[in-house]
Amino acid sequence: MGELVRKELKSFFASLSGYVVLVFFLLANGLFLWIIPGGYHIPASGLADMQAFFTLAPLLYLFLVPALCMRLFAEERRTGTLELLLTRPLTTWQIVGAKYLAGFLLVLFSILPTLVYPVSLWFLAQPVGHIDVGGIIGSYIGLIFLSGIYVAAGVWASALTENQIIAFLYTLVVAFLLYTGLDFIAGIPLFEDYQTSIQFWGIHFHYEPMSRGVIAFSDVVYFVSFVFLFLWATVRRFHGIRLGGGYVIIAFVVLNLACTRVYLRADITDDKRYTLSESTCSLLRGIDRGVSVDIFLGGKLPAGLQKLQYALTRNLEEFRRLSGNNFRYQLIDPTEIQDPEEKKALVKYLAERGILPINLNRRSEDETLSQQIIFPGLIIYDQETEVSVNLLQNVPRNSADENINHSIEALEYELTKAIRLLIQKQKKVVGFLVGQGELTYPEVMDMAKTLSYYYQVDLVSCDSLATDLKRYAALIIAKPTKDFSERDKYVIDQYLMHGGRLLWCLDEVDVDHEVLKNQETVPAVYRPLNVEDMLFRYGVRINPDLVLDGNCVLIPVITGMNGTTPDYSPGCWYYSPLLLARGQHPVTAGLQPVRVDYANSIDTVGKNDGLKKTVLLSTSSYAAVMKTPCPVSLSITEEKMTPDRFNRRFVPVAVAVEGNFTSLFQYRNREEVAGQPFKAQSGYSRVIVVADGEVIRNQVRGVGENARIVPLGYDEYSGQMYGNRDFILNCVNWLCDDEGWMQLRGRNLSLYLLDKTRLKAERTSWEMLNLLFPIFIVVVGGGIFAWGRKSRNRKRGSTRFNDLR
């Protein structure tokens, strides 16, 4: 068998046609990946990954593998040596296996020179070496499996005829049908109900996960069993068709269907980017009805958005597998709709659901600008409900590539959040505490309406809370202005001890902002609320001070008069910081700056109390803290930000605490609440403290029927939308999350970028290297083989000559 393999390899490398086929394959790869602009062009993508190659290679192998395998048995038939081959002391399985192994090794030889591509990306990455090595290795494994089926099909086709051209065409047709033909058939409306079932038997369905670095047991079984099926068919070709063949095909089908029930996979990408969380898997397995997804991020997209679209479809593909094929998705490009009225209706429909068009400015390689409209969103729906999802996470301080990467990081969270909303049977209850002078309902209406999509929202007093400590999943305390009584504190304390979650939005500095409209200076006075001991027990202390920050909102300041009309200019209002996220916590990951007004600073206390404290929001590196009482003056807008004045860095303003809390009333007189015995220690619970009450307050313009609610976080002067609404929503979601799905927001995926400066300076060199060096490897390998063969022939000739002498 080994001798037969060597014979086939020698025959291939001894002919010029073999080298021409390999050179053609490598030349096509080099041109499409490095020279010719288009969807496969790696330098234009700006990304240091090999996805373009693993998408292109299967298409090129449709021609390469048939060319390599067409002569394996066809040549034996044509020359009349097939009968002689079958009389060798080898079984038919051994002969077919040797032919297959020879063809498979030839394909592997064609893959080896392409290793130049990842090596080039290693040096072109920013920083050097920052590429997904694990993902690339997994993708090569997938390409090897795919080529294995192609070769098996080529062996079978070669056994059908003595004409090599016909064998080439047979292999091409079969491979094309298996790789992409079944996808075309599944896309026909007639087969819409059987789309997934048809696609399942196609190679692309199983190769695609592997091309991302995800090796699934069911996919491996598919490739191996298909190789066996083709080799079995080849063996049967030489022995004639027998009745037992039907059992083999049935076994092939049953085996593959059975393996779909085994969800065993290995994500060997470096950052495990294609591994779904256990909470997501559990959610998807529980879906008991059909769910459809319309994706409107379609059309010809820039490289970054192509990456987002690809990651989205891959997530949905995993969702489909886990849900038992209850998921179905389609890509829609609204710009391709020809009917103006239909297009207008669709744009209006999307806008009503919060999916707004974005106008992209695209710069081509010749520096010309063009515009493109995209709709970065999707709608998930079933027969009763629909939920819209915005796909782009836009943080102003991040680059475009960073925003795209964060959007990819957030996909699993955003999709599962929408699915939970779609299939939820009963909403958890969230309460806004009233009775201590908290914000009125109109002042929290925007946040209450936002929360109502996910939760049942109630207004609740401490007396009502005391009747049922377990009704509310979370309690929001929004800017109280009255002191808490010991009775109210006790009820809140026991609510926490019995599993409740708390969001405190507290103002402990009193500034009458309205007075500033009539006078230049007002006092800032410390105003405690009699909850300081409770917060201290929970690991937090709000300080009696006022936070200023150089990163702040702008307000209109009168700088002169134009006749009787004042001239306004923007001035820095340091008392209204724009807080930034600290770390990669689920609450703040990818969050826009959050506006606060007249905030206090926060300290965490207690190091050995078993509580985990995490700073959620803090100032920038140019901040200041004023001890109260202190003046708040409009004249501060005229001051310049100096290092001497703004000498504090990253002052905390919002903190999350989690763990087992100890009751404030552990050593005090206590009584039952709502029939529940006193608890001195909670189980695992969570508390968030924000040292500002304005963070949750929306502005109300007008009164009575003319009242207008300004969206939370919207700055009417600058027109910017800050992250207050998302911050509060994330806080409540995190507090109410018992399954761990909010942890998906804290997911961090690596961003693999090319060093554009180096690539631009050395572009020609890298293009020529990746175009010519793989070909050079083949030429050198062929030269070494020819030299070795010639040396062996010369040695044999010399030996014969000596024997004759």
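1. Cys552 is buried in this predicted model, its relative accessible area being 10%. A second cysteine, Cys572, has the nearest sulfur, 4.5 Å away. Cys552 is in no disulfide, because a disulfide requires two cysteine sulfur atoms within 2.5 Å.

2. Cys462 is likewise buried, with a relative accessible area of 4%. The cysteine sulfur closest to that of Cys462 belongs to Cys505 and lies 16 Å away, so the two are too far apart for a bond. For the structure as a whole, the number of disulfides is zero. A disulfide, in general, is a covalent bond that links the sulfur atoms of two cysteines.

3. A nonpolar patch on the surface deserves attention. Its members are Val119, Trp122, Phe123, Val128, Val133, Ile137 and Ile141. Together these residues present about 580 Å² of accessible area. Two helices, α8 (116-124) and α9 (133-158), each contribute at least two residues to the patch.

4. Within that patch, Phe123 may be examined individually. Phe123 belongs to helix α8, and its relative accessible area is 38%. Phe123 is therefore classed as partly exposed, since that class lies between the 20% limit for buried residues and the 50% limit for exposed ones.

5. Strands β8 and β9 form an antiparallel pair. Five bridges connect strand β8 (residues 377-381) with β9, and a hairpin of four residues leads from β8 to β9. One of the residues involved in the pairing is Gly377, whose bridge partner in β9 is Asn390.

6. Which side chains of strand β9 point to the buried face? Along residues 386-390 the side chains alternate, and Val387 and Val389 are the ones that point to one face and are buried. Glu386, Ser388 and Asn390 point to the other face and are not buried. Asn390, the bridge partner of Gly377, thus carries a side chain on the face opposite to that of the two valines.

7. Thr450 is situated in helix α20, which covers residues 445-452. Is Thr450 buried or exposed? Its relative accessibility is 14%, so Thr450 counts as buried, the limit being under 20%. With residues up to four places away in sequence left aside, Thr450 touches Arg725 and Leu729.

Notes
Residues are numbered from 1 along each chain as its sequence is written. This is a predicted model: local features need pLDDT of at least 70, side-chain atom pairs count only at pLDDT 80 or more; totals for chains, interfaces and linings use all residues. Side-chain values use heavy atoms; hydrogens and water are left out. Patches are made of residues with over 30% relative accessible area and no salt bridge: like charges are joined within 9 Å, nonpolar side chains (Val, Leu, Ile, Met, Phe, Trp, Tyr) within 5 Å. Accessible areas come from the Shrake-Rupley method with a 1.4 Å probe; for residues, only the protein chains shown count as cover. A salt bridge is a side-chain nitrogen of Lys or Arg within 4 Å of a carboxyl oxygen of Asp or Glu. Buried means under 20% relative accessible area, exposed over 50%, partly exposed in between (1.4 Å probe, protein chains only). Two strands pair if DSSP finds at least two bridges between them. Contact means heavy atoms within 4.5 Å.
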